[in-house]
Amino acid sequence: MTLLCRGRLKFLVASLTTIVLLTGLYLLSGNLECEYKFSQTNCKISLSILRFENHLFTANMIQCWCQVCVCMPSICRGRIQIIVNAEYALCDIDSFMFLQVIHVACVCAGHKASRDVVTLVKSVLFHRRNPLHFHFITDAVANQTLSSLFQSWMIPSVQVSFYDAEELKSEVSWIPNTHYSGINGLMKLTLTKALPHDLSKVIVLDTDITFATDIAELWGVFRKFTDKQVIGLVENQSDWYLGNLWKNHKPWPALGRGFNTGVILLYLERLRQIGWEQMWRLTAERELMSMLSTSLADQDIFNAFIKQNPILVHQLPCFWNVQLSDHTRSELCYTEVSDLKVIHWNSPKKLRVKNKHVEFFRNLYLTFLEYDGNLLRRELFGCPSQASPESIQLQTALEELDEDDQCYDFRRERLTVHRVHLYFLQYEYTPTEDENDVTLVAQLSMDRLQMLEAICKHWEGPISLALYMSDAEAQQFLRYAQASEVLKNRKNVGYHIVYKEGQFYPVNLVRNVALKNANTPYVFLTDVDFLPMYGLYDYLRKTVTQLDMANNKKALVVPAFETLRYRLSFPKSKAELLSMLDMGTLYTFRYHVWPKGHASTNYAKWRTATTPYTVDWEADFEPYVVVKRHCPEYDQRFVGFGWNKVSHIIELDAQEYDLMVLPNAFMIHMPHAPSFDISKFRSSSSYRNCLKTIKEEFHQDLSRKYGSAALKYLTAQRNI
């Protein structure tokens with residue numbers, strides 16, 4: 001009886017204490033903010049406690065504590081259980097999904113795969129709520145393209161690591177493979193060796209995958225693995241491994257229908273423990289004695305391994321890899337297309353594959369293909385990501401801008417970081433032995449695409465083009481280039497996409513992208529509206545050698561002319577050009593609207609010149625020149641229309657480049673509609689005033705950089 005009373009007394013005291021505490025919390029509720037700050041992880045979590053129902057914690061309180069678990073695991077010491085409406089909410093630091101870093105691996109090689117993987121990444125980023133770490137096994141081409149893309153994309157809470165496929169080739173090069181993916185189709189076998197040893201789990205994806213849900217759901221499937229399972233795969237949705245597709249069809253051994261390796265959950269830690277590298281090698285060696293080669297690359301070896309070790313595989317539901325391949329039976333694995341999680345375009349026909357729901361799948365894919373990647377630069381809710389030094393520097397510069405400044409938009413544009421996709425199409429270039437090669441360098445937007453074929457016909461040498469486009473326009477350009485007989489047969493043209501952002505055309509930034517990605521010792525800096533004379537490429541290469549440009553600072557001026565006719569019988573020689581000039585069919589460039597821009601070329605002297613001649617710099621001179629590749633870059637503060645080329649020629653002159661006019665070279669400007677930026681310049685006084693202000697700041701910077709030698713540029717400008 002005494003024990004019973006003591007028990008009741010303890011219960012009463014505990015109840016009264018709980019009531020007092022909950023009452024106090026209730027009185028402090030409403031707009032109460034509870035903040036948890038942990039300097040070690042830079043984690044700040046805010047929670048508004050609205051009310052307590054039945055003395056139980058709200059779901060938001062659970063979310064707050066769960067974020068604490070992820071941000072500061074030592075606070076949790078394993079697992080926190082909080083009762084809500086008689087149910088348990090678990091916050092387990094090993095399995096809780098919210099804000100856990102998800103690791104994704106892809107093998108990516110070549111120009112096409114580098115384009116395809118961007119669509120995959122967009123679909124993942126669109127749905128995700130977690131920090132991501134992408135691991136790319138790449139060749140040199142994909143490494144250059146993707147590293148520059150992600151560096152300029154600057155996506156919060158996303159890390160990217162690259163691993164050299166060349167270093168892994170020896171691991172799989174001994175395996176004969178008839179699949180179109182070649183040796184790269186075998187690279188997934190090497191991931192336990194390629195990826196960091198402390199990485200325990202990873203999702204492995206083919207580049208032709210499109211996500212229709214949050215990838216965290218797939219990551220969560222790891223929790224369903226048994227202690228023995230090391231690989232998660234979806235069953236193959238064709239009859240390939242059943243061996244009944246055609247007479248004498250002999251596939252590699254597989255468990256039932258086999259498994260597709262377009263989506264793989266790899267438990268790397270366990271794979272290493274069981275000796276995966278030795279096991280798959282032994283499997284491949286044994287089967288190759290009779291099969292001679294793989295037909296489906298790594299998939300054949302994975303399936304042969306699983307056939308021998310079925311206990312190691314965890315079968316994923318089919319909606320995690322809906323395979324739109326030839327002979328597919330994927331329609332049997334779902335009733336509603338809305339149930340699907342991942343679409344796999346694993347047929348060589350890609351978007352042309354036959355499926356009764358292919359329109360739905362195609363539209364989903366096209367949505368991400370043309371989706372504006374700038375919209376994916378968003379912070380995740382919860383623990384903020386650790387900002388990169390570049391992000392911090394950019395944010396500091398933005399905060400220093402005066403929003404009341406009349407020219408704020410111009411200054412803001414200079415700080416904009418544009419996404420850049422280098423080598424958007426296949427590019428091949430072999431350096432010449434004489435080291436006098438010249439690349440034509442230019443920039444353009446969508447409204448100048450029609451010039452590309454003509455330029456390629458006039459210039460047979462290498463070309464570096466930067467295209468300022470939206471994601472959707474880039475895909476239009478791709479279709480245009482692939483349909484053009486002229487463009488698709490030219491492999492020495494590097495196309496670099498600078499994605500649109502902001503209200504101004506960042507013309508000099510775009511020019512610099514084209515300039516920095518030229519691969520020859522010399523560059524011909526031009527505009528896409530000009531057609532070079534036939535044979536100019538060979539002429540410039542000879543001239544570069546004759547003038548010993550390797551040992552001198554020269555800028556070779558190519559005289560510019562123009563026609564007002566959309567159809568022109570292009571002159572085949574200087575004599576023919578002079579005749580057309582006398583007849584009024586051609587004119588010196590901009591003689592009627594901006595004569596100062598090219599007056600220093602001295603066209604009168606050029607008419608009779610037979611050898612190169614030197615000219616002096618004059619105010620507003622903006623010729624098109626041939627210089628060494630490592631010349632000064634264009635000044636990126638000049639955006640839109642006005643002084644973007646003038647400032648560059650000033651810089652060349654300040655660095656003591658000799659301006660030398662070529663007597664037997666010419667280029668002709670073709671007519672086109674006025675650009676939007678020139679219309680803004682003509683119609684907006686504030687635009688013109690800001691351009692004037694930026695000019696003055698440019699001159700001030702010249703003075704600081706070159707001292708008294710720069711005074712002539714300021715004096716010349718004031719005398720205009």
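**Close-up 1. Lys712 and Asp653 meet in a salt bridge.** In this predicted model, the side chains of Lys712 and Asp653 come to 2.8 Å, N to O. Lys712 belongs to helix α25 (residues 711–718) and Asp653 to helix α22 (residues 646–654), so we're looking at a link between distant parts of the chain, 59 residues apart. The two ends sit in different settings: Asp653 is buried, with a relative accessible area of 13%, while Lys712, at 41%, counts as partly exposed.

**Close-up 2. Glu473 pairs up with Lys500.** Here the salt bridge spans 3.2 Å from N to O. Glu473 lies in helix α16 (residues 471–483) and Lys500 in the loop between β18 (493–499) and α18 (507–516), so the pair ties together parts that are 27 residues apart in sequence. Glu473 is buried at 17% relative accessibility; Lys500 is partly exposed at 35%.

**Close-up 3. Lys193 reaches Glu171.** The closest N and O atoms of this salt bridge are 2.6 Å apart. Helix α7 (residues 191–194) supplies Lys193 and helix α6 (residues 169–172) supplies Glu171, with the two positions 22 residues apart in the numbering. Glu171 is buried, at 14% relative accessible area, whereas Lys193 is partly exposed, at 45%. The structure holds 32 salt bridges, and some join up: Lys122, Asp372, Arg419 and Asp471 are linked in a network.

**Close-up 4. Helix α11 is tucked away.** Of the 11 residues in α11 (residues 298–308), 9 are buried, so the rest of the structure largely encloses this helix. The buried set runs through Asp298, Gln299, Asp300, Ile301, Phe302, Asn303, Ala304, Phe305 and Ile306. Their cover includes strands β10 (231–235), β11 (259–266) and β12 (313–316), along with helix α10 (276–291).

**Close-up 5. α10 crosses α11.** The two helices pack at an angle of about 100 degrees, their axes 9 Å apart, which means α10 is roughly perpendicular to α11. On the α10 side, Trp276, Met279, Trp280, Thr283, Ala284, Arg286 and Glu287 make the contact; Ile301, Phe302, Ala304, Phe305 and Gln308 meet them from α11. By class, that's 8 nonpolar, 2 polar and 2 charged residues.

**Close-up 6. An open sheet of 7 strands.** The order is β7-β6-β5-β8-β11-β10-β12, with mixed pairing. β7 (158–164) and β12 are the edge strands, each pairing on one side only. Neighbouring strands are turned by 25 degrees against each other on average, direction ignored. At the β12 edge, β10 and β12 run parallel, joined by 4 bridges; Ile231 has Val313 of β12 as a bridge partner.

How values were computed. Residues are numbered from 1 along each chain as its sequence is written. This is a predicted model: local features need pLDDT of at least 70, side-chain atom pairs count only at pLDDT 80 or more; totals for chains, interfaces and linings use all residues. Side-chain values use heavy atoms; hydrogens and water are left out. Buried means under 20% relative accessible area, exposed over 50%, partly exposed in between (1.4 Å probe, protein chains only). Contact means heavy atoms within 4.5 Å. Axes are lines fitted to C-alpha atoms, for helices over the stretch in contact, and angles run from 0 to 180 degrees between N-to-C directions. Angles under 35 degrees count as roughly parallel, over 145 as roughly antiparallel, 65 to 115 as roughly perpendicular and the rest as oblique. Ala, Val, Leu, Ile, Met, Phe, Trp, Tyr, Cys and Pro count as nonpolar, Asp, Glu, Lys and Arg as charged, and the others, Gly among them, as polar. Two strands pair if DSSP finds at least two bridges between them. A salt bridge is a side-chain nitrogen of Lys or Arg within 4 Å of a carboxyl oxygen of Asp or Glu.
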